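Good morning, and thank you for coming. I would like to take you through one structure today, beginning with a single residue and then widening the view. Please look at the display while I speak.

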Amino acid sequence: DWTRDARYLLFNAGPYGGPHGHEDKLNIELYAFGQSFIVDPGTYTYNRADPFRTYFVSSASHNLIMVDGKSQVRRWKKENLNPQPAVGNYATWISQADFDYVAATYNDGYGCFGFRPPKDAVVEEVIHTRHILFVKPDYWVMIDELQAGSSHNYQLLFHTPPEVNAAAGPENRIILKTSPDGPSLYLIPAAPKKATVTWMVGSEDPIQGWYAAPNYNLKFPATAVIYSWENSASTVITTLLYPCPAGQTAESVTIEPLPVSGGQGLAFVVTTGRGKDYLMLSQDDNLKQFGPYQSRGTVAGVRTDNNGKILSQFDSESAKSRLRASK
């Protein structure tokens, strides 16, 4: 909605727009309960001799996946040097009363970003698809699906405005908030033991953790949260983005992967103080089992209370005919 307590997430899935474009495809921004938690740090300067110009344009200053510490490099793709008006769809988008689902793919390579074509080899083999499921109005599940034929190091970045601070929680979760009694955003990984997490604020070597004010040529230290995975080939990185209003916490909230049988898909169970949400993203048209439920839908979800009673359910195909508990 449009109230102060609204929750929204902005997702950039469009084509490269030309010389003013940043290396930020699949970038997100997130606002909840009156506070921006995850932001695009801005522009800062147009002086290409300033190393901060490179930082603010590159993927390092956006909420993305970097590969082996390298940025997206759409700027130097031949077809992007003279971009044309876009045609067709660049994302999957499904919006219903109980959920929104969006997904898009980046496959233009990763390299050492600069304002000249990269001299080092560009990593072409990694394909990044980002799926985001908004279980309205409570939380988002962000799934970063990385396809690669060989091992790489992946870094997942989240940038905050200067007033937001980071605190470490159990199982590699990070809590973002401005004050002890203010609203918060929990970053909760679905496979916490596979990743390491740290954050940087106002670092100059390497340049990381900065926010550019709306006014030109001003920048301020800000938190950049970095989740890292080493020596991984194709992998799936899932993060629960769980906002809380002032006075509430999500200390008991968890997300765990669920096996999917009968076809291809990704499924998770999100546990809160109210009960469990069973969620699935399908990758084919088969009837699939996830937890105690079945569905053919591209997106499906079931919310239960602490006693297992179904409170609500949704399905991108037909909630009544396609989604059911298995016997």
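Let us start with T198: setting aside its neighbours within four places in sequence, this residue is in contact with A224, V225 and I226. I should say at once that the model is predicted. T198 is found in strand β15. Is T198 buried or exposed, or something in between? Its relative accessibility is 42%, so T198 counts as partly exposed, because that class covers values between 20% and 50%. One further position helps to place it: the C-alpha atom of A166 is separated from that of T198 by 9.6 Å, with the two positions 32 residues apart along the chain.

Now to the sheet around this residue. Which strands make up the open sheet that includes β15? There are 4 of them, in the order β4-β11-β20-β15, and the pairing is antiparallel. At the edges stand β4, residues 65-67, and β15, residues 196-201; each has a single partner strand, so one side of each is left without a neighbour in the sheet. From one strand to the next, the twist averages 25°. For those new to the subject, strands of a sheet pair through backbone hydrogen bonds, either parallel or antiparallel.

Within this sheet, please find β11, residues 152-159, and β20, residues 223-232. These two strands pair in the antiparallel sense over 7 bridges. As one example, L156 has Y227 in β20 as its bridge partner.

Strand β20 also holds N231. What is noteworthy about the phi angle of N231? It is positive, at about 55°, although N231 is not a glycine. Most residues other than glycine have a negative phi, and most peptide bonds are trans. N231 has a relative accessible area of 61%, and it is exposed because this value is over 50%.

A second residue belongs in this part of the talk. E171, also not a glycine, has a positive phi of about 55°. Its place is in the loop between β12, residues 165-168, and β13, residues 174-177.

The peptide bonds deserve attention as well. Where can we find cis bonds? One runs from K136 to P137, with omega near -10°. P137 lies in the loop between β9, residues 127-135, and β10, residues 139-147. Another cis bond runs from D205 to P206, with omega near 0°. P206 is placed in the loop between β16, residues 203-204, and β17, residues 207-208.

Let us move further along the chain, to another open sheet. This one has 5 strands in the order β22-β24-β25-β28-β29, with antiparallel pairing. Its edge strands are β22, residues 254-258, and β29, residues 310-315, each of which pairs on one side only. Neighbouring strands here are turned by 15° against each other on average, direction ignored.

Inside that sheet, β25 covers residues 275-282 and β28 covers residues 299-305; they run antiparallel and are joined by 7 bridges. What is the bridge partner of Y278 in β28? The partner is V302.

I turn next to the cysteines. How many disulfides does a search of the whole structure find? The search finds 0. A disulfide, as a reminder, is a covalent bond between the sulfur atoms of two cysteines. Consider C112 and C244. C112 has a relative accessibility of 40% and counts as partly exposed. C244, with a relative accessible area of 2%, is buried, because the value is under 20%.

Finally, let us step back to the whole chain. Its secondary structure comes to 2 helices and 30 strands. Of its 327 residues, 52% count as buried. The accessible surface comes to about 15,200 Å², and 49% of this belongs to carbon and sulfur atoms.

What does the radius of gyration tell us about the chain? A compact globule with 327 residues would have a value near 20 Å, and the chain has 20 Å, so the two agree. Taken along the principal axes, the C-alpha atoms fill a box of roughly 65 × 45 × 40 Å. Among the contacts in the chain with a separation of 6 or more, 62% are between residues 24 or more positions apart.

That concludes the tour, and I thank you for your attention.

Definitions and conventions
Residues numbered from 1 in each chain as written. Predicted model: local features only at pLDDT ≥ 70, side-chain atom pairs only at ≥ 80, totals over all residues. Heavy atoms only, no water. Disulfide = S-S within 2.5 Å. Buried < 20%, exposed > 50% of the residue type's maximum accessible area, 1.4 Å probe, protein only. Pairing = 2+ DSSP bridges. Axes fitted to C-alpha atoms, helices over the stretch in contact; angles between N-to-C directions. Rg over C-alpha atoms; globule rule 2.2 N^0.38 Å. Contact = heavy atoms within 4.5 Å. Areas by Shrake-Rupley, 256 points an atom, 1.4 Å probe, with all protein chains shown as cover.
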